[in-house]
Amino acid sequence: MFDLTFLGTSASVPSADRNHPGLLVEAGGHRIMVDCGEGTQRQLLRSGAGFRRLDRLLLTHGHFDHVLGIPGLFSTLRLRQSADVMTIHGSPGTLDVVVRMLAGLWGEGRAPIPLQLAPLTEGRVLDAGEFTIDCFRVRHRDTESFAFSFESQVRRHLLPDRLSALGVPDGPVRKDLAEGRAVVLADGRTIDSEDVLGPPEGRKKLVIVGDTETTDGLAEHVRDADLLVIEATFLERDAATALDYGHLTAAKAAGLAAAAGVKQLVLTHISGRYPDEEILAEAVRVSPNTRLATDLDRLAI
């Protein structure tokens, strides 16, 4: 299961109701932030999520509305005497923006907290056992941009009725069967794990796409996602402007979700130039199970 807290849902200009981009993902004891716009640390407090066990930051790209909250957050973590190492994943160009930003405040090669920089290349970012994170490239103006795919592992539970019928005793043999290994019982019978395991269940897929100027090539990465979070900065009537600025329209985001069999679409990076109802209406016509994210929303899959 993945628990999401939307810390910021605005486009490049924030509003009284929408903070700059930031999203907290909690899964398997991990708390991972995707982007860190200006004001993110206050949003962490407002949401009740706080700063505990916050040690990994995934950056979609290096534009300031997605990274300017980093110095303030790091300064607060220092004051709280956090000893955790913060790992920042981003493209080389994005990490360079972060390094130069921190150097301007704390000096060359310095940061207020222990820091590890992890340059992104397409593929696996993290294998946390219970879930994995992969990244893939997206096109957004002159940046090196990445999106992120979270996927939980398939689980199969032992079937008590089958265990009883086959006379499988409690103890280590059941653990072996649960982990997919055949066992030999005391009476010499071999029990295969397939004889006592239920159907696969529990796989969940979450995809988070930051700013992107096109959906070309994204369908294979978002296919069959349980939840897709993606920007929708413009409406289709302003499609030419959207392309000039390197952003999507609500209709194009919804078209991607519909074509790729996404179960639920959540639109973010919302511009104040349009009423929320108009943005949602454009998307719902194409992908009915769509919602607009608002600051401090919580979702679970």
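How many salt bridges does the structure hold? The structure holds 15. Keep in mind as you browse that this is a predicted model.

**Salt bridges**

Three of the pairs are set out here, with their N to O distances.

| Side chain 1 | Side chain 2 | N to O distance |
|---|---|---|
| Arg-18 | Asp-276 | 3.0 Å |
| Asp-134 | Arg-124 | 3.0 Å |
| Asp-297 | Arg-291 | 3.4 Å |

Let's start with the pair formed by Arg-18 and Asp-276. Arg-18 sits in the loop between β1 (3-8) and β2 (22-27), while Asp-276 belongs to helix α10, so this salt bridge ties together parts that are 258 residues apart in sequence. Arg-18 is buried, because its relative accessible area is 8%, under the 20% limit. Asp-276, at 32%, is partly exposed.

The salt bridge between Asp-134 and Arg-124 links strand β8 to strand β7, so it ties together parts that are 10 residues apart in sequence. Asp-134 counts as partly exposed, with 22% relative accessibility.

In the pair of Asp-297 and Arg-291, Asp-297 counts as buried at 14% relative accessibility, whereas Arg-291 is partly exposed at 30%. Beyond these pairs, Lys-175, Asp-176, Glu-179 and Arg-181 are joined into one network by salt bridges that share partners.

**A buried arginine in β3**

Where is Arg-31 placed? Arg-31 is part of strand β3, which covers residues 30-36. With a relative accessible area of 1%, Arg-31 is buried. What does its side chain meet there? The side chain of Arg-31 makes a polar contact of 3.3 Å with the side chain of Glu-26. A polar atom of the Arg-31 side chain also lies 2.6 Å from the backbone oxygen of Ala-49. Leaving aside residues up to four places away in sequence, Arg-31 touches a set of residues including Leu-24, Val-25, Gly-50, Phe-51, Arg-52 and Asp-55.

**The seven-stranded sheet**

Now for an open sheet of 7 strands, with mixed pairing and the order β7-β8-β9-β12-β13-β14-β15. Strands β7 (123-127) and β15 (290-292) stand at the edges; each has a single partner strand, so one side of each is left without a neighbour in the sheet. On average, neighbouring strands of this sheet are turned by 20 degrees against each other, direction ignored.

Within the sheet, β12 (residues 205-208) and β13 (residues 227-231) run parallel and are joined by 3 bridges. Leu-206 has Leu-227 in β13 as its bridge partner. Helix α10 (residues 276-284) packs on the sheet, where it touches β14 (265-268) and β15, and its direction makes about 160 degrees with that of β15.

**Nonpolar cores**

Which residues touch the most other members of the largest nonpolar core? Among its 29 residues, these are Val-209, Leu-228, Ile-230, Leu-267 and Ile-279. The elements giving two or more residues to this core are β8 (131-138), β13, α9 (250-259), β14 and α10. Helix α9 provides the largest share, 5 residues.

Ile-230 is a good place to zoom in. Not counting residues up to four places away in sequence, Ile-230 touches Val-209, Leu-248, Ala-253, Leu-256, Leu-265, Val-266, Leu-267 and Thr-268. Another core, of 26 residues, lies apart from the largest one, and its members include Ile-133, Phe-146, Phe-148 and Ile-301.

Note on methods:
Residues are numbered from 1 along each chain as its sequence is written. This is a predicted model: local features need pLDDT of at least 70, side-chain atom pairs count only at pLDDT 80 or more; totals for chains, interfaces and linings use all residues. Side-chain values use heavy atoms; hydrogens and water are left out. Helices (H or I, at least four residues) and strands (E, at least two) are DSSP runs, numbered from the N terminus. Buried means under 20% relative accessible area, exposed over 50%, partly exposed in between (1.4 Å probe, protein chains only). A polar contact is a pair of N or O atoms within 3.5 Å; within protein, one must be able to donate a hydrogen and the other to accept it, and residues adjacent in sequence count only if both atoms are side-chain atoms. Contact means heavy atoms within 4.5 Å. Two strands pair if DSSP finds at least two bridges between them. Axes are lines fitted to C-alpha atoms, for helices over the stretch in contact, and angles run from 0 to 180 degrees between N-to-C directions. A nonpolar core is a set of buried Ala, Val, Leu, Ile, Met, Phe, Trp, Tyr and Cys residues joined through side-chain atoms within 4.5 Å. A salt bridge is a side-chain nitrogen of Lys or Arg within 4 Å of a carboxyl oxygen of Asp or Glu.
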